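User: Please give me a close look at a single part of this structure, chosen so that a newcomer can follow it. I should like to know which residues are covered there, what surrounds them, and how the part fits into the whole.

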Amino acid sequence: MLSIPWSKSFRRRQDMDNEVLDFDIGVGVSSGGDVDDDAIDIEHQDGIDEDDMLDSPMPGFSVGNSDAGNYFPEGDLLDLEPYDGLEFESEEAAKAFYNSYARRIGFSTRVSSSRRSRRDGAIIQRQFVCAKEGFRNMNEKRTKDREIKRPRTITRVGCKASLSVKMQDSGKWLVSGFVKEHNHDLVPPDQVHCLRSHRQISGPAKTLIDTLQAAGMGPRRIMSALIKEYGGISKVGFTEVDCRNYMRNNRQKSTEAEIQLLLDYLRQMSADNPNFYYAVQGSEDQSVGNVFWADPKARMDFAYFGDTVTFDTTYRSNRYRLPFAPFTGVNHHGQPILFGCAFIINETEASFVWLFNTWLTAMSSHPPVSITTDHDAVIRAAIMQVFPAARHRFCKWHIFKKCQEKLSHVFLRHPSFESDFHKCVNLTESVEDFESCWFSLLDKYELRDHEWLQAIYSDRRQWIPVYLRDTFFAEMSSTQRSDTMNSYFDGYINASTNLSQFFKLYEKALESRLEKEVKADYDTMNSPPVLKTPSPMEKQASELYTRKLFMRFQEELVGTLTFMASKADDDGDLVTYQVAKYGEDHKAHFVKFNVLEMRANCSCQMFEFSGIICRHILAVFRVTNLLTLPPYYILKRWTRNAKSSVIFDDDGLHAYANYLESHTVRYNTLRHKAFNFVEEAGKSLYTCEVAVVALQEAAKTVSLAMKNEVTRIIANGHVKESSVTGGKLMCCNEDCQHELPAQLEPEDEMDKKINQLRNELELAKRKCEAYRTNLLSVLKEMEDQKLQVSIKVQNIKISLKDSL
């Protein structure tokens with residue numbers, strides 16, 4: 001048992017036939033756990049079963065009573081056995097003596113019954129009994145209407161061992177009855193510390209627990225330290241359950257006290273800025289619910305980058321003292337950004353539903369495309385209610401971490417298991433490959449019956465990359481480390497951070513993240529990247545993307561040099577290409593390319609997952625002479641103008657690029673139709689000869705069209721004149737070749753007037769196009785200047801803050 005600095009002085013005197021024990025009593029301590037419905041010091045026959053005393057991990061379990069004393073006699077009294085006539089200075093002294101005797105013998109005690117004085121209501125008689133005294137009272141009212149999910153072991157066996165004391169007129173307490181015999185086996189000395197009445201957390205032990213808990217250690221590691229410190233579990237004097245309950249109670253009291261600091265901070269922030277949003281679940285005065293807040297920048301950033309969101313619950317773990325969870329995302333530089341924060345006091349499904357609805361309200365009720373969270377059934381249920389259309393993903397790196405815990409024995413026995421597991425999850429290219437690899441892995445390491453692996457396999461569609469690649473998650477690739485839910489507050493909040501320290505670190509993190517974003521904006525605007533190819537597509541991308549995203553695109557573009565794209569199938573307008581490195585056809589990807597729409601889909605689904613076009617599609621663009629990126633493949637959220645409210649028209653700003661692209665579209669369309677024509681015509685000699693004649697006629701028609709290329713819109717554009725038709729008026733419908741009546745043909749004067757109006761219209765169109773291009777250039781320049789001014793202002797603020 002722990003050596004506890006009790007203040008004791010004992011004196012022994014003979015008074016007639018009774019021996020009187022006088023000693024000064026110090027105040028004992030308990031484990032500080034929550035109070036159970038059945039308290040230890042009760043005045044009724046019902047008590048707590050011994051089985052509950054040994055191992056019960058339920059919340060609300062309490063060891064001892066912090067209001068009553070726990071006393072440990074020393075010296076001659078250690079070997080003294082109770083007997084009738086033994087006298088004590090107080091009831092507490094009698095109780096402490098009997099409990100000390102019980103510890104030495106090997107049983108647990110409790111208070112059974114008492115008698116009060118009818119005169120003043122004071123207790124004048126007590127009975128202390130063995131914890132196995134009596135029998136369990138099966139209260140029908142408590143069990144009639146409810147099913148007992150965890151029935152407790154029957155531990156009361158009708159033991160008669162007891163000690164009765166009554167108060168004398170002198171104020172002393174006299175032993176009026178003592179039953180020594182037990183009807184059950186007693187507990188050996190090395191197990192006595194498990195008995196409830198002997199499980200006590202001393203003052204020094206509390207101090208050590210508080211210190212280790214503040215350092216981020218959990219109950220298991222703290223108990224290991226205590227066992228080492230005191231030389232054995234029996235000398236510690238309490239169990240891991242007691243330690244866990246004490247820590248939980250500590251954390252709860254600390255949180256309740258400090259949560260008011262958070263509310264005061266939020267009220268002040270809201271008063272300073274009306275766009276600052278915060279909400280408290282339930283009553284602010286009671287502070288019993290969750291708390292959420294979002295500053296104006298977080299709400300604005302969500303408007304630009306709220307397509308994918310991470311709900312980071314890392315700080316809910318026992319390693320941290322803060323029940324803290326931020327909502328984060330990724331900006332156009334690939335940096336983490338904040339969408340709001342929450343303090344999670346209640347972790348019920350209803351509380352998470354409230355939290356997600358509150359966050360959605362703060363973000364203007366625009367749900368994200370995808371959301372990433374920890375592997376948690378309660379959070380999943382809440383997300384299904386609030387974000388039914390969003391793709392919910394479990395963070396696979398949290399699952400990897402849990403894997404090390406659940407399969408530690410496999411890791412130790414098979415060093416290759418971790419590598420094989422990662423390859424199976426990250427490197428499989430298709431659902432079929434994953435399924436095959438997974439079951440091969442289970443068979444190889446004999447894990448078919450492992451319960452946890454079965455559970456995460458059933459959830460595979462929410463964390464295995466091959467099932468998620470068709471959804472946007474704003475990541476550079478499906479296998480990189482960013483999937484860890486890198487916290488916005490990493491490096492600022494750690495295991496020892498408490499709420500009183502939180503505010504300063506929170507604001508420091510905001511400032512640091514803003515500084516990094518400003519620096520990335522500055523680098524993008526003032527440090528043009530080095531181009532590695534003569535491709536117009538690379539130059540186009542360097543002018544549109546942020547520096548970080550361009551580097552990622554450039555990596556894919558350069559990677560196409562090692563890939564070959566060959567046609568695998570041609571289904572009219574849809575052509576399928578096989579793309580692979582030379583000699584590695586077994587690792588090929590397949591790209592389906594729509595010639596008319598200029599869109600391609602790759603089997604790797606990198607563009608769908610990250611918003612960055614993959615090298616396989618770029619290889620197809622290369623062989624089809626597509627020299628610039630089609631607008632479909634340029635996501636605004638990855639561009640340098642991602643936070644701009646001006647919608648720039650690429651047609652006006654990039655006329656040359658559009659010329660190349662439109663030329664490529666015409667070229668590919670004609671080539672596609674020509675290939676189909678040749679393939680059909682070459683099936684026989686006769687069709688081949690007919691095709692040659694047709695091509696000769698077509699060549700003459702095209703030549704004539706090139707010499708007389710005049711296709712103009714007359715008046716309001718309902719009629720068009722074509723030199724190919726000999727100057728006749730034709731219906732403007734491209735598919736209709738009906739000649740209009742001759743009486744509609746214009747006369748000479750009419751022709752002159754039409755030509756004059758036509759020239760004026762062309763001139764006006766050119767002027768409008770020039771004005772439009774100039775206006776867009778001015779707007780773009782204004783946006784660039786605005787961004788540079790913002791960067792300078794932030795740099796000045798940071799410099800002033802550093803100087804202060």
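Analyst: A residue is called buried when its relative accessible area is under 20%, exposed when that value is over 50%, and partly exposed in between. A474, for instance, has a relative accessibility of 3% and therefore counts as buried. The model under discussion is predicted.

The whole comes before the part. The protein has 804 residues, of which 45% count as buried. Its secondary structure consists of 24 helices and 21 strands. Among contacts with a separation of 6 or more, 64% involve residues 24 or more positions apart. The protein exposes about 43400 Å², and 53% of this area is supplied by carbon and sulfur atoms.

The part chosen is helix 20, together with the loop that follows. Helix 20 runs over residues 615-623. It is mostly covered, since seven of its nine residues are buried. These seven are R615, H616, I617, L618, A619, V620 and F621. What do the buried residues of helix 20 pack against? Their partners include two helices, helix 17 (536-544) and helix 18 (547-559). The partners also include strand 15, strand 16 (574-581), strand 17 (589-594) and strand 18 (599-602).

Just after helix 20, the backbone shows a distinctive feature: N625 takes a positive phi of about 60 degrees. N625 has this angle although it is not a glycine. The residue lies in the loop between helix 20 and helix 21 (650-653). With a relative accessible area of 35%, N625 is partly exposed. Is the next residue to be considered, L626, buried or exposed? L626 belongs to the loop between helix 20 and helix 21 as well, yet its relative accessibility is 3%, so it counts as buried. The C-alpha atoms of L626 and M598 are separated by 8.8 Å, while the two residues are 28 positions apart along the chain.

A474, introduced at the start, provides a parallel to N625. A474 also has a positive phi of about 60 degrees without being a glycine. Its place is the loop between helix 15 and helix 16. The two residues may be set side by side: A474 is buried, whereas N625 is partly exposed.

From the packing partners of helix 20, strand 15 leads outward to the surface. Strand 15 covers residues 563-571 and contains D571. D571 has a relative accessible area of 54% and therefore counts as exposed. On the surface, D571 gathers with D569, D573 and E597 in a patch of negative charge. There is also a charged pair to note here: K567 forms a salt bridge with D570, with the closest N and O atoms 3.6 Å apart. Both partners are partly exposed, K567 at 45% relative accessibility and D570 with a relative accessible area of 30%.

Side chains of opposite charge can pair when their charged atoms come close. In the whole structure, a search finds 24 salt bridges. Where does the pair of R380 and D459 sit in the chain? R380 is in helix 10 (residues 377-386), and D459 is in the loop between helix 15 (451-458) and helix 16 (499-526), so that the pair, 79 residues apart, links distant parts of the chain. The closest N and O atoms of this salt bridge are 3.0 Å apart. R380 is partly exposed, with a relative accessible area of 21%, whereas D459 is buried, with a value of 13%.

Helix 16 itself carries another salt bridge, between D523 and K519, whose closest N and O atoms are 3.0 Å apart. These two residues are separated by about one helical turn, because they stand four residues apart in helix 16. K519 is partly exposed, with a relative accessible area of 47%. Elsewhere, K297, D301, E517 and K643 are linked in a network of salt bridges.

A nonpolar area completes the picture of the surface. F677, V678 and L695 make a nonpolar surface patch of about 270 Å². F677 is placed in helix 22 (residues 655-681), and its relative accessibility of 35% means that it counts as partly exposed.

To return to the chosen part: helix 20 is mostly covered, and N625, just after the helix, takes a positive phi.

Technical notes
Residues numbered from 1 in each chain as written. Predicted model: local features only at pLDDT ≥ 70, side-chain atom pairs only at ≥ 80, totals over all residues. Heavy atoms only, no water. Buried < 20%, exposed > 50% of the residue type's maximum accessible area, 1.4 Å probe, protein only. Contact = heavy atoms within 4.5 Å. Areas by Shrake-Rupley, 256 points an atom, 1.4 Å probe, with all protein chains shown as cover. Patch = residues over 30% accessible without salt bridge, like charges linked within 9 Å, V, L, I, M, F, W, Y side chains within 5 Å. Salt bridge = Lys/Arg side-chain N within 4 Å of Asp/Glu carboxyl O. Lys, Arg positive; Asp, Glu negative; His and termini not counted. Charge placed at Lys NZ, Arg CZ, Asp CG, Glu CD.
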